[in-house]
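Here are some exercises on helix packing and enclosed space, each with a worked solution. Have your viewer ready and try each task before reading on.

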Amino acid sequence: MLRQVEDLLFEREIDICYEAVRLWWNRFGPRFHAEIRRRRAKNLRAVPQWRWHLDKVFVRINGETHYLWRAVDHEDEMLEVFATKCRDRKAALAFLKCAMKRYDRRQAIVTDRLRSYAAAMKNIGIEHRQVCVRRLNHRTENSHQPFRRSEGAMARFRDIKTLQKFASAHASIHKHFKHDRHLNRRATFKAKRSAALAEWRELAA
């Protein structure tokens with residue numbers, strides 16, 4: 001992926017090494033991600049979010065299985081990404097606390113039937129908000145697809161810190177420029193795209 005960026009810049013007569021791209025990513029990626037997430041959290045706290053969808057995917061790192069937890073709201077807005085080495089009650093509890101600290105509590109939380117969710121919610125007194133209904137959690141399962149495509153381009157990850165760093169930044173930045181072209185009229189899509197580019201230039205300034 002870094003070499004692809006190098007080739008794209010070379011086409012525009014910008015001659016750099018892919019290691020420079022890696023340096024920019026490590027330095028500026030987390031900053032952009034933090035600012036986008038801060039603004040998004042502020043906006044989302046001002047509007048009603050009556051349902052969250054929680055799910056996890058398996059990620060192999062050096063032959064070991066790790067877990068990437070994700071939370072999206074009822075409008076497919078990415079809320080939180082959290083990487084752990086296990087999927088027990090302690091990991092689920094840390095994930096829930098991280099999401100609720102930033103976005104407050106919701107009326108309903110849709111999960112699969114993993115018992116760690118129920119144990120974690122019981123620990124913080126919100127077990128009555130858990131919803132386990134078949135096919136209701138497809139929203140968050142579909143949200144894993146962009147990450148899976150990028151994971152293949154990255155040729156896997158070296159450690160869990162790299163996974164957390166990349167997944168968090170990718171979730172924020174990908175969603176910033178994803179405007180559901182197939183669901184909007186051309187004029188609406190162009191307006192949203194222009195607004196996203198203007199905000200991105202403001203962040204990079």
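**Exercise 1. Which helix gives the most residues to the lining of the second largest pocket? Then describe that pocket.**

Solution. Keep in mind throughout that this is a predicted model.

Step 1. The leading contributor to the lining of the second largest pocket is α2, with five residues.

Step 2. Now look at who else takes part. The elements giving two or more residues to this lining are α2 (18–45), α7 (160–177) and α8 (186–204).

Step 3. The pocket has a volume of about 440 Å³. Its lining counts 16 residues, and R40, E77, K175, H176 and H179 lie nearest the centre.

Step 4. Sort the lining by class: nine residues are charged, four nonpolar and three polar.

**Exercise 2. Find the largest cavity and work out which element gives the most to its lining.**

Solution.

Step 1. The structure holds one cavity of 30 Å³ or more. The space in the largest cavity comes to about 100 Å³.

Step 2. Select the lining residues: H33, R37, R40, M78, L79, E80, V81, Y103, S168, A171 and S172.

Step 3. Assign them to elements. At least two residues each come from α2, β3 (78–84) and α7, and β3 gives the most, with four.

Step 4. By class, the cavity lining has five nonpolar, three polar and three charged residues. R40 belongs to this lining, and R40 is also one of the residues nearest the centre of the second largest pocket.

**Exercise 3. How are α2 and α8 oriented to each other, and what makes their contact?**

Solution.

Step 1. The two helices pack at an angle of about 125°, and their axes are 10 Å apart.

Step 2. An angle between 115 and 145 degrees falls in the oblique range, so α2 is oblique to α8.

Step 3. The handedness of this crossing is right-handed.

Step 4. On the α2 side, the contact uses F32, E35, I36 and R39, while α8 brings E199, W200, E202, L203 and A204. These residues divide into five nonpolar and four charged, with no polar ones.

**Exercise 4. Repeat the analysis for α1 and α2: at what angle do they cross?**

Solution.

Step 1. Helix α1 (residues 2–11) and α2 cross at roughly 110°, and their axes come within 8 Å.

Step 2. The range from 65 to 115 degrees counts as roughly perpendicular, which means that α1 is roughly perpendicular to α2.

Step 3. α1 passes α2 in a right-handed crossing.

Step 4. The contact joins L2, R3, V5, E6 and L9 of α1 to Y18, V21, R22 and W24 of α2. By class there are six nonpolar and three charged residues, and no polar ones.

**Exercise 5. Why are α3 and α4 described as oblique? List the residues in their contact.**

Solution.

Step 1. Helix α3 (residues 89–103) packs against helix α4 (residues 115–123) at about 60°, with the axes 8 Å apart.

Step 2. Angles from 35 up to 65 degrees count as oblique, and α3 and α4 are therefore oblique to each other.

Step 3. Their crossing is right-handed.

Step 4. From α3 come R89, A92, L93 and L96, and from α4 come S116, Y117, A119, A120, M121 and N123. The contact of α3 with α4 thus comprises seven nonpolar residues, two polar and one charged.

Definitions and conventions: Residues numbered from 1 in each chain as written. Predicted model: local features only at pLDDT ≥ 70, side-chain atom pairs only at ≥ 80, totals over all residues. Heavy atoms only, no water. Axes fitted to C-alpha atoms, helices over the stretch in contact; angles between N-to-C directions. Left-handed = near helix turned anticlockwise from the far one by under 90°. Contact = heavy atoms within 4.5 Å. Nonpolar A, V, L, I, M, F, W, Y, C, P; charged D, E, K, R; others polar. 1 Å grid on protein atoms, 1.4 Å probe; cavity = no way out; pocket = protein on both sides within 12 Å on 5 of 7 lines; lining within 4 Å. Points joined across faces, edges and corners; volume = space filled by probe spheres on them.
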